[in-house]
Amino acid sequence: MNRPPEDSAPGDNTTWLPEERVRLAEAAAGPSFDLSICLNEPIHQLGGIQSYGALLALDDTGVVTVASANCAAVLGVSPEELVGSPIVAVIGADGMAAVESTLAAPTGDRGVTLLSVEGTEFDVTVYRSDDYRVLEFEPASTGRPFTFSRFYPSLRATLTRLQSGHGVLDVCATAVAEIRALTGYDRVVAYRFEGRDGPGEVIAESVSDQLDPWLGLWFPATDIPPQARTLYERNWIRVIGDVDDATAALIPPLLAHTGRPLDLSDSTLRTVSGFHLEYLRNIDVASSMSVSLLREGQLWGLIACHGLTPRRLSPEIRAACELFGVMLSLQLAALQDAESAQARQRARQALSRLVTALDADITASVTGNGQLLGELVDADAVALYIDGETTLVTGSHELVTDEELAVLRRHLPSLDAGRVWSSDFLGELAPELEALAPAVCGALALGVSGSEDLIVWLRSERHTARTWATDPAAPVRLGPHGERLTPRGSSAVYRAIVRGHSLPWTTADVAVAEEFGHAVTEVMARQSARLAALNTELSRVNNDLHTFAHVAAHELKEPLRGIANSATFITEDVADTLDPVTVRRLDTIRGLAKRMDELINSLLHFAQLGRAELHREEIDLRQATDRALEIAGARLDEQRVTLTLPEPGIILSADPDRLQEVLINLLVNAAKYAREEEPREVAVGAVTQSSGVHAFFVADNGIGIPGTDLQDALRLFRRLHPRGTHGGGHGAGLAIVDRIVNRHGGRLWLDSTPGVGTTVWFTLTAAPDQGLSHQDRP
């Protein structure tokens, strides 16, 4: 973009006037400024360098293939003479050896060496680019020779003061003061970026008295476009000596084998984008330096230096500032690591207690330890999405309702167990999530078991007032050259409240959540393995019991029949000779054999209910009751018990034969345990629970069951009354009913008062409530 026009005369290639670069920038932008041009400008291939130095690029044979247009003024040799000539003719054999040695140094492919051209000394930066060896010549600074022992004490004192800082802000405040003293710039500020591509905040500043302070100001992300951030990550330092510098173009402007300008990503002298130069002029900056602050190779922030007059820095000062940037980055990383370590230690203490509390029921474990979840990761609420159920573990429904949690779940990703996802701006996921603000703006989700099961920490909106150096929504405004990128200045402060964002989730938050996820996964894996082993064992035992029940039944029935038949034969054969006592004893033997046979039949039936396959159908409860009356009706009539039938149209899904068995048993029980006085009544019906599940009932006004015996009434062969009373029986009826209900996936429970009556409740699907309110009861 900053190359000269194609129709420029050859003699005009030496320098570009500032007005020409402004014209070119405006021509590229057009009458209405297109910010995307600035954001996509190839600033590493602008085809020129700052004119106080000169550039030569050599091919692999040492021949100069590219030269800056100002070589005659800087080196005393014209670019036309240099291009195509061996570099040895300019710097000599010793100079070439110094270049090769610098490139071969273990410090990397970039370094500085001292070379002499025509008797003049130059500080030469050497690096590789596009298969070329690039040499950048700067006139050697005064004060030669450089003596490290003279320079080191002040640098060491500076680094010592830097390392004594106790926090990020403290360290950055020390850094800007020291760099300003070292370089002489009029303003030195420390920026901290919000995320890799986010805006920057001035967190520390050292400024001369005649300049307004910037401390606390925010600058839009567009101030430093992505390609500039990439170069800051590649180079620790960037110096602009004079914003009005006459850029020296490269000759030839395009490389023959690529058709593009030489890549100057590692250049010290690289020219400056016209957009950035305009930016600097608009804040009255004549010279600048930027020192990168990196965190794990990514741009964390910048030390930005501004001078009101042009300023050149010697290679020694630049090297010191670069070292300073490295040391400051390490110190900031150490401070942040220490803060993260402390946070992780506190979280791990909560994690240890939380993991100890985990058991097979993850939902119950987590729900019962909501406070520890809050200590694990700082959040305003914690929600569980487990097995299709949503539970708010901490926080209140005044903050977020179940309906809002359901909306949120639809937009959260599916995560494998132990995987973590986070966002501090949920509104960017979907428009309907914007409605959750300000109560819920950020979420940290942890996958638990299935891909749909999540633990989610929620954060409310962060109420942060930011003072911007310009309106971040309008980085472009009308300036002296039309609609331009015209930023800042103390007179253009803009204040805004950042909406829709929560406090960002830190790496420590994510790490602790991941650790908890690993613990949950491990517990669930162990539990799954244990359950698999138990199921295998249970299946084997059930098969053994089923086999035993059938074998035992058949083996027992044969001798029982023999005992009963023998007693009958004795009675018939010698009835006239037996005394009454013997006859009574033989009758007892036959009765006991018959009772034993009935018990075995009940036991076999009970065992078979656990294995028999159900064949569900849609059944009308009234019709099912009518069928049951074909068998149970006689007993009800015998005891003069009046039956109230259910309303027609109550439909349930059940196995017809098993449902008939349930109703027969319960109706027969109502007859057996009817009260002495009349009226004697029994009713069959259904109510709808608050959960929406139908609960069916058979209610009588009989003798009732004491509360202490309610559980015993459901046990197999457990009678609550002496044998022979209330119509006899073996105590298997309610146990069989309970078994049938369980096979349908439902539950059975009793509601009884002695002398008032008994209601047997049952569901045929899963029901969360084990009881009903009084107004729901029949």
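**Exercise 1. In this predicted model, determine whether Glu661 counts as buried or exposed, and then place its salt-bridge partner on the scale of accessibility.**

Step one takes the accessibility of Glu661, which is 14% in relative terms, so that this residue counts as buried, given that the cut-off for a buried residue is under 20%.

Step two turns to Arg658, whose relative accessibility of 21% means that this residue counts as partly exposed.

Step three brings the two residues together: Arg658 and Glu661 form a salt bridge in which the closest N and O atoms are 3.3 Å apart, and both residues belong to helix 18 (residues 656-672), where a spacing of 3 residues corresponds to about one turn of the helix.

**Exercise 2. Work out which parts of the chain the salt bridge between Arg318 and Glu138 ties together.**

Step one establishes the contact, for the closest N and O atoms of Arg318 and Glu138 are 2.7 Å apart, which lies within the 4 Å limit for a salt bridge.

Step two assigns the elements: Arg318 lies in helix 10, while Glu138 lies in strand 6 (residues 132-139), and the pair therefore ties together parts that are 180 residues apart in sequence.

Step three considers the surroundings of the side chains, and here both Arg318 and Glu138 are found to be buried.

**Exercise 3. Carry out the analysis for Asp509 and Arg459, and state how many salt bridges the structure holds.**

Step one gives the separation, since Asp509 and Arg459 form a salt bridge whose closest N and O atoms are 3.2 Å apart.

Step two locates Asp509 in helix 15 and Arg459 in strand 18 (residues 454-459), so this pair ties together parts that are 50 residues apart in sequence.

Step three adds that Asp509 is buried and that Arg459 is buried as well, and the total for the structure is 13 salt bridges.

**Exercise 4. Describe the largest pocket by its volume, its lining and the elements that contribute to that lining.**

Step one states the volume, which is about 1900 Å³.

Step two counts the lining, made up of 47 residues, with Gln336, Pro504, Trp505, Thr506 and Thr507 lying nearest the centre of the pocket.

Step three names elements that give two or more residues to this lining, among them strand 7 (187-193), strand 13 (298-307), helix 10 (315-357) and helix 15 (507-573); the largest share, 8 residues, comes from helix 10.

Step four sorts the lining by residue type, which yields 19 nonpolar, 10 polar and 18 charged residues.

Conventions:
Residues are numbered from 1 along each chain as its sequence is written. This is a predicted model: local features need pLDDT of at least 70, side-chain atom pairs count only at pLDDT 80 or more; totals for chains, interfaces and linings use all residues. Side-chain values use heavy atoms; hydrogens and water are left out. On a 1 Å grid over the protein atoms alone, a cavity is a set of points where a 1.4 Å probe fits but cannot get out, and a pocket is an open set with protein on both sides within 12 Å along at least five of seven lines; lining residues have an atom within 4 Å of a point. Grid points are joined across faces, edges and corners, and a volume is the space filled by probe spheres set on the points. Helices (H or I, at least four residues) and strands (E, at least two) are DSSP runs, numbered from the N terminus. Ala, Val, Leu, Ile, Met, Phe, Trp, Tyr, Cys and Pro count as nonpolar, Asp, Glu, Lys and Arg as charged, and the others, Gly among them, as polar. A salt bridge is a side-chain nitrogen of Lys or Arg within 4 Å of a carboxyl oxygen of Asp or Glu. Buried means under 20% relative accessible area, exposed over 50%, partly exposed in between (1.4 Å probe, protein chains only).
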